[in-house]
Amino acid sequence: MTELFENERMGEDRQSSKGNQLKWKSGHLWHKADYTGYEGLAEYMVSSLLGYSNLGEEEYIVYRTEEIRYRQTVYQGCVSEDFMPDGCQLITLERLFLNCYGESLNRRIYSLADIKDRVRFLVEQTERLTGLKDFGIYMSKMLTLDAFFLNEDRHTHNMAVIQDEAGGFHYCPFFDHGAALLADTTMDFPLTADVEACMQNVKAKTFCRDFDEQLDAAEELYGYHIHFSFDRKDIVGLLEKEPYYPKKIKERVEWVLTEQRRKYSYLFYSGV
């Protein structure tokens with residue numbers, strides 16, 4: 001168990017539609033406590049399964065689950081390495097656009113009627129403001145991950161780039177998957193609810209409310225760039241190794257991932 005203290009607790013500078021988790025910075029590690037359900041398990045499973053993809057190790061953050069003692073309470077949650085280089089800062093796309101144009105990126109996106117126009121606008125504006133190349137490929141990867149893992153909290157306050165001391169911009173590794181895999185058991189997806197119905201009801205937030213519509217738009221514009229190579233045995237193995245979460249939750253996560261693997265079979269290498 002990890003014991004954390006008041007002086008290690010961090011404020012929240014990125015907004016979430018689900019509220020703000022307890023977070024701590026202890027040395028080079030970030031710790032997050034579960035807030036609405038099993039966020040820690042979701043972070044662990046998503047990042048572990050990215051190890052079965054064609055993403056490079058530098059493209060995503062790895063999480064492991066843990067128990068956290070803070071004051072007199074024990075929380076379940078997760079821990080990850082701090083990926084920010086010294087002197088750098090994380091800049092959300094919402095903040096970047098607001099600082100430059102004095103208006104909300106999210107509102108500007110949704111002023112456009114066509115979903116492909118929304119995706120193209122965000123990509124072109126980000127490239128213009130940061131100088132980053134191939135941001136469309138990055139966005140296609142992100143939307144693939146969010147659709148596959150059902151991450152319902154990906155909005156313009158929850159997408160970011162890294163700015164260095166000289167003012168240059170760099171890609172941010174993929175992180176923050178705590179709202180994936182129907183992890184919110186407190187408000188939207190209680191464990192007593194039908195899992196299939198929950199999967200049908202989960203909504204995206206980036207460019208529209210339908211994961212597949214926004215993914216289709218990104219793939220048409222920029223292609224698809226992620227492939228997976230895991231099977232049900234790998235899913236079960238990862239869940240069995242996890243020491244803290246109960247069987248009922250793990251069974252639901254297994255069911256969701258198995259169904260998503262079937263639905264998005266085109267993302268898997270042939271023969272797997």
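Four exercises with worked solutions follow, on the overall fold, the nonpolar cores, a sheet and the salt bridges of this chain.

The model is predicted: local features need pLDDT of at least 70, side-chain atom pairs count only at pLDDT 80 or more, and totals for chains, interfaces and linings use all residues. Residues are numbered from 1 along each chain as its sequence is written, and side-chain values use heavy atoms, with hydrogens and water left out.

**Exercise 1. Overall fold**

Task: Find the radius of gyration of the chain and set it against the value for a compact globule.

Solution:
- Step 1. Start with the elements. The chain holds nine helices and nine strands. These are DSSP runs (helices H or I, at least four residues; strands E, at least two), numbered from the N terminus.
- Step 2. Take the extent. The C-alpha trace spans about 50 × 45 × 35 Å along its principal axes.
- Step 3. Apply the globule rule, 2.2 Å times the number of residues to the power 0.38, with the radius taken over C-alpha atoms. For 272 residues a compact globule would come near 19 Å; the chain has 18 Å, so the two agree.
- Step 4. Check burial. Of the 272 residues, 51% count as buried. Buried means under 20% relative accessible area, exposed over 50%, partly exposed in between (1.4 Å probe, protein chains only).

**Exercise 2. Nonpolar cores**

Task: Describe the largest nonpolar core, then follow the contacts of Leu-182.

Solution:
- Step 1. Fix the term. A nonpolar core is a set of buried Ala, Val, Leu, Ile, Met, Phe, Trp, Tyr and Cys residues joined through side-chain atoms within 4.5 Å.
- Step 2. Size it. The largest core has 73 residues. Those with the most contacts inside it are Met-45, Met-139, Phe-149, Leu-181, Leu-182 and Phe-228.
- Step 3. Find the main contributor. Helix H5 (residues 135–149) gives the most, with nine residues.
- Step 4. Look for another core. A second, separate one of six residues includes Leu-22, Trp-24, Ala-33 and Ile-68.
- Step 5. Return to Leu-182. Neighbours within four places in sequence are left aside; its contacts (heavy atoms within 4.5 Å) then include Tyr-38, Leu-150, Phe-189, Arg-252 and Val-256.

**Exercise 3. A three-stranded sheet**

Task: Which strands are the edges of the open sheet E7-E8-E9?

Solution:
- Step 1. Read the order. Three strands run E7-E8-E9, with antiparallel pairing. Two strands pair if DSSP finds at least two bridges between them.
- Step 2. Pick the edges. Strand E7 (89–92) and strand E9 (169–171) each pair on one side only.
- Step 3. Inspect one pairing. Three bridges join strand E8 (residues 160–163) to E9. Ile-162 has His-170 in E9 as its bridge partner.

**Exercise 4. Salt bridges**

Task: Compare the settings of three salt bridges: Glu-254 with Arg-232, Glu-242 with Lys-250, and Arg-262 with Glu-259.

Solution:
- Step 1. Count. A salt bridge is a side-chain nitrogen of Lys or Arg within 4 Å of a carboxyl oxygen of Asp or Glu. By this rule there are 13.
- Step 2. Take Glu-254 and Arg-232, at 2.6 Å, N to O. Glu-254 lies in helix H9 (residues 247–263) and Arg-232 in helix H8 (residues 232–241), 22 residues apart. Glu-254 has 18% relative accessibility, so it counts as buried. Arg-232 has 49%, so it counts as partly exposed.
- Step 3. Take Glu-242 and Lys-250, at 3.5 Å, N to O. Both are buried.
- Step 4. Take Arg-262 and Glu-259, at 3.0 Å, N to O. They are three residues apart in helix H9, which means about one helical turn. Arg-262 is exposed, with a relative accessible area of 55%.
- Step 5. Add a network. Salt bridges link Lys-32, Glu-43 and Asp-176.
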